[in-house]
Amino acid sequence: MSAHAVCLAGPTASGKTAAALALAAHRPVEIVSVDSALVYRGLDIGTAKPSAAERAAAPHHLIDIVDPADSYSAARFVADASRLVDEITARGRLPLLVGGTMLYFKALRDGLDAMPETDPAIRAALDARAAAEGWPALHAELARVDPPTAARLAPHDAQRIQRALEVYLGSGRPISAWQQGARSEKPAAAAWPLVSLEPASRAWLHERIAQRFDAMLAAGFVDEVRALRARGDLHPGLPSMRCVGYRQAWEALDAGDLAPLRERGIAATRQLAKRQITWLRSMPERVVVACDAPDALAQALAALEAAAG
């Protein structure tokens, strides 16, 4: 990738969409979503997917491209985003990569590790064990075989625990060792400026998360999950149904008790935001904008304008 692009990251509910659209009002940009949930069709309310009006304000890419019965990987994201950046640049427009899936940003900016492909048999065996023992038990096993990876994963981070154990069981080598292996030359994306929206006050972000989850519930989020369940080909082990909010809603519907959903959904979203901020703090090259400042949008626009050059 030799093209120039600008990256805009931040935790959930930090105002990324508003900042991206503010730049789009000033420059000819196309937005490339860096979000592992927005790729799925039918996951609209619970992912806070950009509205039709927001998508009309600027072209959006990598939204609604995968059926929720399928999966989407960091490797596929890097390939798709790389292609799109080149195409957008060729059209004389600015590629603006926007999202909160830090694994995707890291893969794009640092390069991908040449680690083993997924083994369906190993994955099925891990799914069966998780159903019987629970993900915390598999997290404990990961802690024995790959302490560095286990230390940065939550005990219920099913997708990443499963992937780490798949790599270890398939290769006999921890995923942390693969990740430390030699990579090819630094990707061009490593030089792209990164603007990060981060709150000075965690309480401000928590309030925003609660307001957003309440708005999702009011907009019919539970009915959206009911419709996904009614398809008959989806289950809680799929990456799409592990997305924050969807997993908690699925569990509440399984239990026949929606009362705990709001509290659990907000708590899970807070945990996601905490992980996102931790990832961002490991990127010293980022330009930080306080998303809870009174003039946050103006500051974000100024930072993006400066980054775009």
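These legends accompany several close-up views of a predicted model. Local features need pLDDT of at least 70 and side-chain atom pairs count only at pLDDT 80 or more, while totals for chains, interfaces and linings use all residues. Residues are numbered from 1 along each chain as its sequence is written, and side-chain values use heavy atoms, with hydrogens and water left out.

**View 1. The largest nonpolar core and its best-connected members.** Here a nonpolar core is a set of buried Ala, Val, Leu, Ile, Met, Phe, Trp, Tyr and Cys residues joined through side-chain atoms within 4.5 Å. Buried means under 20% relative accessible area, exposed means over 50%, and partly exposed lies in between (1.4 Å probe, protein chains only). This core has 53 residues, and Tyr72, Phe77, Leu97, Phe105, Leu108 and Trp192 touch the most other members. Elements that each supply at least two of its residues include strand 1 (6–9), strand 2 (29–34), helix 3 (74–90) and helix 13 (261–281). Helices (H or I, at least four residues) and strands (E, at least two) are DSSP runs, numbered from the N terminus. Helix 3 gives the most to this core, with seven residues.

**View 2. The surroundings of Phe77.** Leaving aside residues up to four places away in sequence, Phe77 touches Ser33, Val34, Leu62, Tyr72, Tyr104 and Leu108; contact means heavy atoms within 4.5 Å. Elsewhere to look for is a second, separate core of 24 residues, with Ala19, Leu23, Ala24 and Leu197 among them.

**View 3. A salt bridge between Glu30 and Arg93.** A salt bridge is a side-chain nitrogen of Lys or Arg within 4 Å of a carboxyl oxygen of Asp or Glu, and the structure holds 23 of them. In this one, the side chains of Glu30 and Arg93 meet at 3.2 Å, N to O. The pair links distant parts of the chain, 63 residues apart: Glu30 is in strand 2, and Arg93 is in the loop between helix 3 and strand 4 (94–99). Glu30 is buried at 4% relative accessibility, whereas Arg93 is partly exposed at 29%.

**View 4. A salt bridge within helix 3.** Arg83 and Asp80 meet through their side chains at 3.6 Å, N to O. About one helical turn separates the two, because they are three residues apart in helix 3. Arg83 is partly exposed at 39% relative accessibility, while Asp80 is buried at 14%.

**View 5. Arg231 with Asp233.** These side chains form a salt bridge of 2.8 Å, N to O. Arg231 is partly exposed, with a relative accessible area of 36%, and Asp233 is partly exposed at 40%.
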